[in-house]
Amino acid sequence: MKFLKKLSCAAAVALSMAGAAHAEDVLTNWVFNPVGGGYSSGQAIGEYLDVNGNAFIQLANNGNNTFNFQENAVFNIVQADSNGQLFPVNYPGGNITATFAATGTGTFNGQFQFTGGTINIYQDTVANYGSTAGIYGADDGKLIASFDVLVGGGGTVDASGNPISNGQVTVYAKANAGDLASGYFFRGNGQDLSSEDILAFAFTNANGQTNFNSPANANLVSEVACQFGGYTGAGCTTGTTYANVPGQNFFVSNNGQFKLAEVPEPGSLALFGIAMLGAGVAARKRNKNA
């Protein structure tokens, strides 16, 4: 019993250490140049890029109160730190957009997490986000960053699998050296981040979306659900109209922050893994004894 308590304590300590490391390692006072023009003409970023967009989610009910899901989303990134210094205005041709494609698992009326995916960020000289260019105008520019979504993150869903209203959704991702284009992302000292491994943290608020009668939302259905998400139901065939179906497929709108962070030291990750392994052993033993 004492051994199990020690393992549980170790897991708790490791979790708190991991959270503290994430907070401490988030990059502050870095520089982003929306047109790829280099460090000297870039914009100082206090901590984050503002993101807003829409996600289409498809659920597969596993029949035991759990589900698998696929999420496809598009985002517009027009400023940083909510400072009102808009990239397309101060940096003509610096129209920044992103696409997000991920899979995951969850429990109805409980938690969900991501199991993998990709975040791609683009720079476009033409402001056509929301159009039929590429995918909703979000991916027809130059690819300037690509992140692999890591296992974890997620948030809370209701009984139909929809993220709770204004609930925070968290995504953890990583870019390896070479996954960022040179000339766009820099440390405060001018070092180009394209030669480094880097983490990303996205925190967005999810809200239900139900009005699909406007032309803009018509594009959202055809571009994001049908084209990007591969959805073939109502709204994706001639003469049919799309509607959200609770527990199966639906849109949510998102707004939030995109942050960069240092990759933790291997030793910290090892400690975290050992502690979590111990916590898993403890949980299995508790269940066996119950």
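This passage walks through the cores, a well-paired strand, the disulfide and one buried polar residue of a predicted model.

A good place to start is the inside. The largest nonpolar core holds 47 residues, and those touching the most other members are F32, F147, F185, F258 and L260. Strand 4, which runs over residues 66-80, supplies the largest share of this core, with six residues. Apart from it lies another core, made up of 15 residues, including Y136, A138, F228 and F251. As a general matter, nonpolar side chains in soluble globular proteins tend to be buried together.

L260 gives a feel for the surroundings of one core member. Setting aside neighbours within four places in sequence, L260 is in contact with D25, V26, L27 and W30, and also with F147, F185, L193, I198, L199 and A200. Two of these partners, F147 and F185, are themselves listed with L260 among the residues that touch the most other members of the core.

Next comes strand 12, which covers residues 249-261. Of its 13 residues, 10 are buried, so the strand is largely enclosed by the rest of the structure. Strand 12 pairs with strand 3 (residues 48-61) in the antiparallel sense, over 11 bridges. In this pairing, F56 stands opposite F251 of strand 12, and F251 also belongs to the 15-residue core. Strand 11 (residues 198-209) pairs with strand 12 as well, again antiparallel and over 11 bridges. Here A206 is found opposite N254 in strand 12.

What about covalent cross-links? Searching the whole structure turns up one disulfide. The bond joins C226 to C236, with an S to S distance of 1.9 Å, and the link is left-handed, at -90° about the S-S bond. C226 sits in helix 3 (residues 215-228), while C236 is in the loop between helix 3 and strand 12, so the pair ties together parts that are 10 residues apart in sequence. C236 is partly exposed, because its relative accessible area is 24%, and the partly exposed class runs from 20% to 50%.

Finally, there is N120, a residue of strand 6 (residues 111-124). Is N120 buried or exposed? With a relative accessibility of 16%, N120 counts as buried, since the cut-off for buried is under 20%. The side chain of N120 makes a polar contact of 2.9 Å with the side chain of S146. Not counting residues up to four places away in sequence, N120 touches T97, A98 and T99, along with L143, A145 and S146.

Technical notes. Residues are numbered from 1 along each chain as its sequence is written. This is a predicted model: local features need pLDDT of at least 70, side-chain atom pairs count only at pLDDT 80 or more; totals for chains, interfaces and linings use all residues. Side-chain values use heavy atoms; hydrogens and water are left out. A nonpolar core is a set of buried Ala, Val, Leu, Ile, Met, Phe, Trp, Tyr and Cys residues joined through side-chain atoms within 4.5 Å. Buried means under 20% relative accessible area, exposed over 50%, partly exposed in between (1.4 Å probe, protein chains only). Helices (H or I, at least four residues) and strands (E, at least two) are DSSP runs, numbered from the N terminus. Contact means heavy atoms within 4.5 Å. Two strands pair if DSSP finds at least two bridges between them. A disulfide is a pair of cysteine sulfur atoms within 2.5 Å. A polar contact is a pair of N or O atoms within 3.5 Å; within protein, one must be able to donate a hydrogen and the other to accept it, and residues adjacent in sequence count only if both atoms are side-chain atoms.
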